[in-house]
Amino acid sequence: MEDLKFYLITDPHYFEPALGARGAAYDEFMRFEQKCFAETAAINRSVFEYLKKADKADIVLIAGDLSFNGEKESHLGFIKLLRELQAAGKKVYVITADHDFKNEGDDCFAFDESGRLTPESTRREELYDLYYDFGFKDAIAVDRQHLSYVSQLSDGVRLLALNNDGASDGTRRFDEEHIKWIKEQTKKARDDGQIMIAMNHYPLLPGQPIFSVIPSAVQRESDSVTTMLADEGVHLVFTGHMHNHSINEKITEKGNKLYDVCTGSIIADPAMIRFVAVTPDHMAVIKSIETPDFDWDTGGKSCKQYLSDLFDSMILNMLDDMQHNPERVLSRFGAEDKKSIYPFVKLAGKIVNKITVGGVCRLLWIKCDKSVKPILLKDYVAELVRNVFEGNQHFREGNPKGEVFIRFLNRLDPILKKINLKTVDGKQADLFEILKHSAGNYGIDDYNAILDLIG
Ligand SMILES: [Fe+2]
Ligand SMILES: [Fe+2]
């Protein structure tokens with residue numbers, strides 16, 4: 001067997017520009033968006049041009065959230081790009097996910113000067129036919145109900161392509177029938193002497209520790225699913241969904257490893273393309289490539305800077321609204337009716353927007369490096385949160401901004417210890433450790449790593 005090499009992207013969220021992404025209602029919507037909207041077609045085109053010419057591999061994997069929000073026209077536009085990629089000689093394998101369809105009664109949306117529009121949406125049942133040529137057609141096994149399949153990627157490596165929105169009870173989990181099918185496929189792979197890798201939109205391991213307390217950030221029943229996969233011989237899984245960039249590892253009680261390589265969306269900071277090589281001796285070499293600049297008036301900014309600024313503006317707008325429009329910010333969390341807390345939110349917003357990091361440190365009797373003192377707290381917070389999504393987080397020991405954060409956590413620890421919060425797998429959350437390890441990376445390099453899958 002030769003090395004298997006492929007490129008992987010995720011969460012392209014293609015939006016067909018003709019549907020409309022402009023006007024006052026659009027601008028209002030974009031105040032709190034981490035990902036691009038109007039620009040997605042241009043970013044996708046530039047990434048696909050890169051992939052067409054990229055000559056280190058002729059396989060491309062795409063890990064779900066193909067359309068912006070399930071618009072039929074967006075799927076059709078995205079499929080055109082997929083066909084062009086195939087015509088350029090690439091084999092393309094996709095899975096669909098939560099943003100690729102709408103249930104009965106839910107609308108897609110677009111915007112123009114007249115306000116919010118409701119373009120035609122896509123039903124889940126339509127996705128198999130729409131994406132038949134990009135995985136299902138050449139699969140060696142298909143579970144149509146669960147939109148999952150197995151493909152022979154190379155002589156020696158199989159792809160287990162999974163989807164979690166077809167469970168019989170309507171929740172985002174692998175139901176019993178699906179698990180049975182997965183186990184049949186992993187057994188076949190073992191019997192045939194094949195390495196099996198997987199692709200699932202939802203992260204199987206929390207991308208960052210803080211995501212372990214957010215149910216929508218991780219695959220349901222992730223603990224039992226990851227144990228099952230690793231013990232069945234699947235040691236490498238590629239995921240997306242949270243638009244963050246990370247690599248995490250778990251070792252089961254039986255001593256089997258599972259690596260979850262979660263890749264950032266191409267249309268949101270930190271927009272990345274993965275390049276992967278799997279070797280016959282069960283090693284995986286993971287590299288990250290920045291998405292190229294795209295055809296858009298970015299005011300002279302690179303793609304990276306443009307998306308990084310968009311991320312910061314989401315945080316800064318939220319902090320601004322805390323001070324000036326608490327109703328709007330609370331409505332984001334479904335708490336707009338809690339009018340009694342408006343004054344506290346306003347006050348907190350006023351302080352956060354005005355005070356410097358040095359000012360906070362003085363109030364809390366925390367030592368602060370002089371390089372950090374003049375930074376406005378709101379800018380510090382925006383960078384801290386962005387750094388969690390970007391991976392290889394630098395708010396840790398040895399970095400002046402990280403030193404301040406850890407001292408701040410130490411000061412807060414008595415309060416953190418009193419907060420009774422459970423992780424998605426039902427364990428007591430240790431908030432000090434969760435926050436420390438989310439702000440600073442102490443584990444595997446999230447961008448470039450060599451993973452020993454079984455050793
Ligand atoms: Fe997404
Ligand atoms: Fe998603």
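**Entry 1: the iron ion (ligand 2)**

I began with Asp 98 and His 241, and in this predicted model I found both residues buried. I then looked up what they bind: together with Asp 65 and His 201 they are the protein donors of the iron ion (ligand 2), at 2.2 to 2.5 Å from the metal. The aspartates give OD atoms, whereas His 201 gives NE2 and His 241 gives ND1. I noted the spacing of these donors along the chain as D-x32-D-x102-H-x39-H. Asp 98 and His 241 come from distant parts of the chain, 143 residues apart, with Asp 98 in the loop between strand E3 (91-94) and strand E4 (110-112) and His 241 in the loop between strand E10 (234-239) and strand E11 (246-251).

I next asked what geometry the four donor atoms around this ion have. Their angles run from 82 to 158°, so I entered the arrangement as irregular. To be tetrahedral, all angles would have to lie between 85 and 135 degrees.

**Entry 2: the iron ion (ligand 1) and the bridge**

For the iron ion (ligand 1) I listed Asp 11 (OD), His 13 (NE2), Asp 65 (OD) and His 243 (NE2) as the coordinating residues, at 2.1 to 2.3 Å. Here the spacing along the chain reads D-x1-H-x51-D-x177-H. The four donor atoms subtend angles of 87 to 173°, and I therefore recorded this arrangement, too, as irregular.

Which residue coordinates both iron ions? I found that Asp 65 does, and that the two ions are 3.6 Å apart. His 13 and Asp 65 are separated by 52 residues in the chain, His 13 lying in the loop between strand E1 (4-9) and helix H1 (24-30), and Asp 65 in the loop between strand E2 (59-62) and helix H3 (72-87). Both His 13 and Asp 65 are buried.

**Entry 3: Pro 270**

I followed His 243 from the metal site to Pro 270, since His 243 is one of the residues in contact with this proline once neighbours within four places in sequence are left aside. The other contacts I wrote down are His 245, Gly 264, Ser 265, Lys 304, Phe 389, Glu 390 and Tyr 447. Pro 270 sits in the loop between E12 and strand E13 (272-278), and I count it as buried because its relative accessible area is 1%, against a limit of under 20%. With Glu 390, which is 120 residues away along the chain, the C-alpha separation comes to 5.3 Å.

**Entry 4: helix H7 and its surroundings**

I turned to helix H7 (residues 222-232), which packs with helix H6 (residues 176-191) at an angle of about 20°, the axes being 10 Å apart. H6 and H7 are therefore roughly parallel, and H6 passes H7 in a right-handed crossing. From H6 the contact is made by Ile 179, Ile 182, Lys 183, Thr 186, Lys 187 and Arg 190, and from H7 by Met 228, Leu 229 and Glu 232.

The buried residues of H7 are Ser 222, Val 225, Thr 226, Met 228, Leu 229, Ala 230 and Glu 232, and what covers them includes strand E8 (157-162), H6, E10, E11 and E12. Just after the helix, I noted a positive phi of about 105° at Gly 233.

I also checked Thr 252, in the loop between E11 and strand E12 (257-262). Is Thr 252 buried or exposed? Its relative accessible area is 6%, so Thr 252 is buried. Not counting residues up to four places away in sequence, Thr 252 touches Thr 226, Thr 227, Ala 230 and Asp 231.

**Entry 5: helices H8, H10 and H11**

Helix H8 (residues 303-324) and helix H10 (residues 342-354) pack at about 130°, with their axes 6 Å apart; that angle makes H8 oblique to H10. I recorded the crossing of H8 past H10 as left-handed. The contact involves Leu 319, Asp 320, Met 322 and Gln 323 of H8, while the H10 residues include Val 345, Ala 348, Gly 349 and Val 352.

In helix H11 (residues 357-364), I found Val 357, Gly 358, Gly 359, Val 360 and Cys 361 buried, with helix H12 (377-390) and helix H13 (400-418) among the elements that cover them. Trp 365 follows H11 and has a positive phi, near 55°.

Notes:
Residues are numbered from 1 along each chain as its sequence is written. Chains are lettered from A and ligands numbered from 1 in the order in which they are written. This is a predicted model: local features need pLDDT of at least 70, side-chain atom pairs count only at pLDDT 80 or more; totals for chains, interfaces and linings use all residues. Side-chain values use heavy atoms; hydrogens and water are left out. Donors are N, O and S atoms within 2.8 Å of the metal (3.2 Å for Na, K and Ca); water is not among the atoms, so sites may look incomplete. Four donors count as tetrahedral if all angles lie between 85 and 135 degrees; four count as square planar and six as octahedral if opposite donors are over 155 degrees apart and all others between 65 and 115; anything else is irregular. Helices (H or I, at least four residues) and strands (E, at least two) are DSSP runs, numbered from the N terminus. Buried means under 20% relative accessible area, exposed over 50%, partly exposed in between (1.4 Å probe, protein chains only). Axes are lines fitted to C-alpha atoms, for helices over the stretch in contact, and angles run from 0 to 180 degrees between N-to-C directions. Angles under 35 degrees count as roughly parallel, over 145 as roughly antiparallel, 65 to 115 as roughly perpendicular and the rest as oblique. A crossing is left-handed if the near helix is turned anticlockwise from the far one by less than a right angle, and right-handed if clockwise. Contact means heavy atoms within 4.5 Å.
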